[in-house]
Structure formats: structure tokens, C-alpha cells
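Trainee: Got a minute to go through this one with me? I'd like to start with the strands and move on from there.

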Amino acid sequence: MIQAIPALNPVATSQSTVNNNQVQLGDVFSTQTLNVVDVSDSTTATTSASGNTVSSSVVSGSLNVQSSQTMSGSANASTTVNVTTNAGAQTTLNTSALGNGSDVGSFEGGPVTGAVSQTTGPGITLAGGNFNAYGAQTGAATLNVQAIANSHGVTVSDTSANTTATQTSTGQTEADGAAVLGYTAGTVAGAATGISNNLTGAGSGNASQTLTATQSMTGDYTQATQSLGVGNGQAVQSTATATANNIYVTNENGPAAVTDSQTNTGQVIALSTGSASEFGAAQSGSEAIGNSVLVGNAGPSTDLDNTQTNSGGVTSNASFTGNTGFDASTTATAMGNAVTGFSCSDCGGTVNIQNSQTSGAGVQATSTLDITGANRSVSGSAVAVGNNATFYVSKPSH
């Protein structure tokens with residue numbers, strides 16, 4: 001008699017679960033001051049303040065995340081660097097303020113599912129950076145300030161994500177950068193970024209994403225200001241970017257589907273000011289957007305159901321003042337609502353779009369160039385749009 005072989009028991013797929021509840025009622029402050037005279041190598045300052053943060057990821061099995069974050073107080077990060085003679089070959093300042101931050105990911109593991117809720121206000125999310133080097137020098141400088149009230153990220157590789165995010169900001173969001181410098185033979189770049197609600201999704205390999213998002217900004221304003229003054233600089237770059245609600249999703253191969261609703265009632269302000277007595281290349285750029293969505297898929301299909309309502313005023317102002325130099329440019333962009341969706345034509349790609357945009361407030365872009373001496377070229381651009389939508393199927397390189 002042939003003995004029967006017992007049936008194999010099915011192997012259960014493991015699942016990780018995260019249930020997170022975070023509440024921060026008071027203010028969170030982080031302050032740093034550096035006073036330097038003559039540095040031979042480099043000057044670096046990193047300052048951050050966060051209300052609530054959580055990170056969840058797997059490399060095997062699936063992941064389900066249920067998360068709630070509430071930040072009622074203010075998150076305030078401040079960096080000040082004072083230089084007497086020389087800050088060194090490289091100067092790097094990074095200042096960041098965050099109300100609520102979370103991210104989920106599966107890296108060649110199982111699917112990611114779950115729901116995330118983030119709420120900030122009535123406190124302010126404020127990041128300030130000051131670089132005081134009047135009469136001093138540095139080889140090159142990178143000066144960044146960033147303020148984000150709510151931020152959530154989804155990252156998957158060779159698996160799927162099916163998640164929901166609800167982000168609400170009732171406070172103010174402000175990033176302020178200011179710098180003065182005597183001389184640099186390299187590049188001095190100052191960038192200020194202010195975002196009230198931020199959602200990102202990234203899929204690599206054979207990944208697919210299904211994301212549902214609701215973002216609401218009802219605070220007074222979302223603001224980014226950058227001021228950069230240089231005596232003599234090879235490259236001078238000042239940038240300010242302010243966005244009330246932002247969604248940015250990219251995918252490589254599988255389908256990407258996003259359903260979103262964005263509402264903004266606050267002011268959105270981006271101000272970039274640059275100046276240099278002598279310069280090689282000088283740029284000042286500002287971008288202010290009430291609601292912004294980008295869903296880009298290098299794979300075959302993009303499904304997007306987009307609803308955007310902006311009733312807050314949007315102001316973008318970029319200016320540069322210089323004496324003598326080579327090339328100078330200013331660019332100011334202001335939009336009430338902006339959406340972009342695309343997929344890959346090499347994969348037989350398609351886009352399926354439902355789009356509704358309502359902008360009920362003023363949108364203003366101002367670009368100003370003031371050159372008092374001789375230079376090679378000047379270029380100015382000012383673009384103001386109430387509602388902007390772009391959808392296309394194209395090759396990845398286009």
C-alpha cells in the first residue's frame with residue numbers, strides 16, 4: 001500500500017500592524033547660534049523642531065498603519081550664524097520646522113494599507129535662518145529653511161500601497177531666510193520653502209499605488225520669504241516657494257490612482273529678494289500656489305480624480321538688484337490651483353482624469369529687475385494663473 005502524503009499546510013503571510021496616537025499640546029522650540037571668526041574648512045549648522053513624528057516600514061510581510069497626530073502648539077526652529085572674516089570653503093545651514101511628520105514604506109515586502117490623520121493649529125510652524133557675513137567670505141554657501149505643518153510620505157518597492165491620508169492645518173506656516181555675504185568665488189544659494197499640508201508617494205520597481213487624500217488649510221497664511229544680499233559673488237541664487245496644499249506622487253511600472261480633495265482659504269505668499277554689487281550669474285525666483293497636485297507614472301496608467309478649491313489670495317514676488325555683472329534673471333509664478341497628470345506612451349499608457357478646480361481669490365505675480373551698471377543679459381518672467389491643468393501621455397524622457 002502506498003502511504004498517502006499529507007496535504008501541505010498553507011503558509012500564512014505575516015502582517016505587521018502599527019496603531020499610533022500622538023498629541024502635542026505645548027510649543028516645541030529649537031534655537032542655534034554660531035559665532036565664528038576665521039574658519040579654514042567648513043561651517044555647518046542644522047536646527048530642527050518637530051511636534052510629532054512616526055516612521056513605519058517593512059522588508060517582509062505586509063504592513064497596516066492606523067495613525068493619528070495632533071499638534072496644537074507651535075513648532076519653531078531658528079538658526080543664526082555670525083561670521084567676522086571667513087566661514088570656510090563651504091557653508092551649510094539647514095533649518096526645519098515640522099508640526100506632524102509620518103512615513104510608511106514596504107521595500108520588497110508585502111502591501112501597505114492604512115489610514116493617517118494629521119492636524120495642526122492654532123500654533124504656528126515657523127523656520128527662520130539668518131546668515132550674517134557682511135564683509136566676510138566663504139567658498140560656497142547652501143542656506144535652506146523649511147516649514148511644513150503636516151507631512152506624510154508613502155514609499156513602496158515591488159509591491160502595492162492602498163492608503164488614505166487626511167491633513168488639516170488651522171495655524172500659520174512660515175519659512176524665513178535672510179543672508180548677507182561680502183564675497184564668494186562660488187555659489188551662494190538661499191532657499192525658503194513653506195508648505196501647510198504635504199503628501200508624497202513614491203513607487204519603484206513593479207509597484208502600484210492607490211492613494212486617497214483630503215487636505216485642508218484654513219489658517220491665516222502659508223508663507224516663504226528669502227532675502228539674499230552679496231557684495232561680490234560668482235553665482236547668486238535666491239528662491240522662495242510657498243504652497244498651501246501639495247500632493248506629489250511618482251510611480252515606475254504599475255498603475256497609479258489618486259483621489260484627492262484640496263481646500264485652501266488662507267493667504268499664500270512667496271517673496272524672493274536678491275542683490276549683488278558684482279555678480280557672474282544672479283537668479284531670484286518665487287513660486288506661490290494655493291493647491292498643487294502632480295501624479296506622474298512611468299508605467300502604463302494614471303487615474304486621477306482631482307478636486308481643488310482655493311479662496312485665499314496668492315502672491316508671488318521675485319526681485320533682483322545689481323550693479324555690474326554678467327547674467328541676471330527673475331521669475332515669479334502664482335497659481336490658485338495647479339494639477340499635472342501623465343503616464344508613459346512606450347507602455348501603451350493611458351490617463352483617466354476627473355478634474356474640478358475653483359479659484360475665488362486674487363492671484364498676483366510680480367517680477368522686478370533693477371540693474372544700475374553694465375551687464376551681459378537680463379531676463380524676467382511673471383506668470384499668474386487662476387486654474388492650471390496639464391494631462392498628457394508621453395515618453396519618459398519628454
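**Strands, turns and cavities**

Mentor: Start with one bridge: S227 has T273 in strand 15 as its bridge partner. Keep in mind that this is a predicted model.

Trainee: Noted. Which strand pairs with strand 15 in the parallel sense over 28 bridges?

Mentor: Strand 13, residues 221-251. Strand 15 itself covers residues 267-297.

Trainee: And how many bridges join strand 15 to strand 17?

Mentor: 26, and those two strands run parallel. Strand 17 covers residues 314-344. For a marker, take A282: its bridge partner in strand 17 is A328.

Trainee: Stepping back, how many helices and how many strands are in the chain?

Mentor: Zero helices and 20 strands.

Trainee: What is the strand order in the open sheet of eight strands?

Mentor: The order is 1-4-7-10-12-14-16-18, with parallel pairing. Strand 1 (15-24) and strand 18 (350-359) are the edges, and each pairs on one side only. From one strand to the next, the twist averages 5 degrees.

Trainee: Let's look at one edge. How many bridges link strand 1 and strand 4?

Mentor: Ten, in the parallel sense. Strand 4 is residues 62-71. Within that strand, N64 stands opposite T17.

Trainee: Where do the side chains go in a regular strand?

Mentor: They alternate between the two faces of the sheet.

Trainee: Now the overall shape. What box do the C-alpha atoms fill?

Mentor: Roughly 100 × 45 × 40 Å, taken along the principal axes.

Trainee: And what is the radius of gyration of the chain?

Mentor: 23 Å. A compact globule with 398 residues would have one near 21 Å, so the chain agrees with that value.

Trainee: What share of the residues counts as buried?

Mentor: 49% of the 398 residues.

Trainee: Change of topic: backbone oddities. Which peptide bond is cis?

Mentor: The one from G121 to P122, with omega near 10 degrees. P122 sits in the loop between strand 7 (112-120) and strand 8.

Trainee: Remind me what the general expectation is for phi and for peptide bonds?

Mentor: Most residues other than glycine have a negative phi, and most peptide bonds are trans.

Trainee: Then what is the phi of E108?

Mentor: Positive, about 65 degrees, although E108 is not a glycine. E108 is in the loop between strand 6 and strand 7.

Trainee: Is E108 buried or exposed?

Mentor: Exposed, because its relative accessible area is 59% and the cut-off is over 50%.

Trainee: What about D158, what is its phi?

Mentor: Near 60 degrees, again a positive value in a residue other than glycine. D158 lies in the loop between strand 9 and strand 10 (160-169). Its relative accessible area is 39%, so D158 counts as partly exposed.

Trainee: How far is D158 from S106?

Mentor: Their C-alpha atoms are separated by 8.5 Å, and the two residues are 52 apart along the chain. S106 lies in strand 6. At 0% relative accessibility, S106 counts as buried.

Trainee: Let me jump toward the later strands. Where is S367?

Mentor: In strand 19, residues 363-371. S367 is partly exposed, at 24% relative accessibility. The C-alpha atoms of S367 and A382 are separated by 5.5 Å, with their positions 15 residues apart along the chain.

Trainee: Last topic, cavities. How many are 30 Å³ or more?

Mentor: Three. The largest has a volume of about 70 Å³.

Trainee: Which residues line the largest cavity?

Mentor: Among them are L93, T95, G129, N130, F131 and L143. The lining also includes N144, V145, G177, A178, A179 and Q226.

Trainee: Which strands each supply at least two residues of that lining?

Mentor: Strand 6 (90-107), strand 8 (124-137), strand 9 (141-157) and strand 11 (172-204).

Trainee: And how does the lining of the largest cavity divide into nonpolar, polar and charged?

Mentor: Six nonpolar, six polar and no charged.

Methods:
Residues are numbered from 1 along each chain as its sequence is written. This is a predicted model: local features need pLDDT of at least 70, side-chain atom pairs count only at pLDDT 80 or more; totals for chains, interfaces and linings use all residues. Side-chain values use heavy atoms; hydrogens and water are left out. On a 1 Å grid over the protein atoms alone, a cavity is a set of points where a 1.4 Å probe fits but cannot get out, and a pocket is an open set with protein on both sides within 12 Å along at least five of seven lines; lining residues have an atom within 4 Å of a point. Grid points are joined across faces, edges and corners, and a volume is the space filled by probe spheres set on the points. Helices (H or I, at least four residues) and strands (E, at least two) are DSSP runs, numbered from the N terminus. Ala, Val, Leu, Ile, Met, Phe, Trp, Tyr, Cys and Pro count as nonpolar, Asp, Glu, Lys and Arg as charged, and the others, Gly among them, as polar. Two strands pair if DSSP finds at least two bridges between them. Axes are lines fitted to C-alpha atoms, for helices over the stretch in contact, and angles run from 0 to 180 degrees between N-to-C directions. Buried means under 20% relative accessible area, exposed over 50%, partly exposed in between (1.4 Å probe, protein chains only). The radius of gyration is taken over C-alpha atoms; the globule rule is 2.2 Å times the number of residues to the power 0.38.
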